[in-house]
Amino acid sequence: MNTRAPAVEARQLIKAYPGGVTALNGMDITVEPGTVFGLLGPNGAGKSTTVKILTTLARPDSGTATVAGHDVLRHPDRVRRAIGVVAQNSGADPGATGRENLRLQGRLYGLRGTGLDRRVAELLDRFTLADAADRRVKGYSGGMRRRLDVALGLVHQPEVLFLDEPTTGLDPQARGAMWDEIGRLSGEEGLTILLTTHYLEEADRLAERVAIVDRGRVVVEGTPDSLKGELRGDAVHMELRSGVGEAGRTLLRSALDGLPGVHEVLVDGRRVSVRADDGAAAVPALLGALERAGVGVAAATVARPSLDDVYLRYTGRRYSEAEEAGEAGEGGRTDGLALAGGAR
Ligand SMILES: Nc1ncnc2c1ncn2[C@@H]1O[C@H](COP(=O)(O)OP(=O)(O)O)[C@@H](O)[C@H]1O
Ligand SMILES: [Mg+2]
């Protein structure tokens, strides 16, 4: 049993922005020291707002939080010394070189002389930026910039590192390299890491514990395996040729729920999802039942449980759809995803 105090503890954080957006609606988080904790949620879920509050860049309307044992509202200066922050958007000066950025950051934290030289050289080496150290950051690739961002967050050897969407916008190769790096930071250096992501795969791969965030609060939390393990059997997803109304939804639910080995029927627009003890065996019966109900099926897939299924179960919506709705509402970076209608 772990008897050390949590590295991060947030209780019932509430935050509304001017204009009436409730960004946080009772956010609770506990992160044990030396672990990687993933805050997973679609765009607009409240991840960055949570990070801003925990890193003292914003104040909650109510609720409490401690980081490295310090209260974020009462001792923001102590919190700032104990943490490293890599914001969603890069904080590096593009007109300066990588080395200059690191030196400036080090000086801000009180490093001088050979101590500063040594730390900067160590980080450049560590993040494979030594060859590019004296080039301006504006010429760096996305992956190099992101590695520099992480290095900047580590200059003063923090206890807790916050990574807000560390791989958003990176190509798959740079993403993989960043994953390896984050794994090393927690594994070899015992750093506590709170990362946010809207990539299911990233949370699954990196985080020892994941909290799925939806509309400003945690809907479920656990290890990726325990979350997936809670779901019985396979997921079967079917796409209908046309959407069904409220009456049709009820009809479909009762038609499918009665089939042997089929549970948890969810109907959402044109998507029908069920859990089945044996997905492949259930498909013919499911298609037959839908046909008898007069509903055409365009596609059916069977999959082992994923975090997407966990999300669907706890929110009643598919992750990809929440993501699109959040994107449309946010108008921020889109990461190449198609914008869909904002309706939820
Ligand atoms: N400065 C702001 N002013 C007004 N609304 C904001 C501001 N920052 C975020 N929001 C809104 O708060 C909600 C949560 O945003 P955010 O915390 O950035 O979510 P995430 O990081 O999960 O995408 C969104 O609806 C977003 O549009
Ligand atoms: Mg964000």
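## An antiparallel sheet and the shell around ligand 1

In this predicted model, four strands form an open, antiparallel sheet in the order β12-β13-β11-β14, where strands (E, at least two residues) and helices (H or I, at least four residues) are DSSP runs numbered from the N terminus, and two strands pair if DSSP finds at least two bridges between them. The edge strands, β12 (262-268) and β14 (297-303), each pair on one side only. Neighbouring strands of the sheet are turned by 15° against each other on average, direction ignored, with axes fitted as lines to C-alpha atoms, for helices over the stretch in contact, and angles running from 0 to 180 degrees between N-to-C directions.

β12 pairs with β13 (residues 271-276) over five bridges in the antiparallel sense, and Val267 stands opposite Val272 in β13. Helix α9 (residues 246-257) packs on the sheet and touches both β12 and β13, its direction making about 160° with that of β12; contact here requires C-beta atoms, placed from the backbone, within 7 Å.

Around ligand 1 there are 14 residues, of which Tyr17, Ala23, Lys47, Ser48 and Thr49 come nearest, a residue being near if its C-beta atom, placed from the backbone, lies within 6 Å. Three elements each supply at least two residues of this shell, and α1 gives the most, with three residues.

| Element | Residues spanned |
|---|---|
| β2 | 21-31 |
| α1 | 47-54 |
| α12 | 319-330 |

Residues are numbered from 1 along each chain as its sequence is written. Local features need pLDDT of at least 70, and side-chain atom pairs count only at pLDDT 80 or more, whereas totals for chains, interfaces and linings use all residues.

Terms used. Chains lettered and ligands numbered in written order. Contact = placed C-beta atoms within 7 Å.
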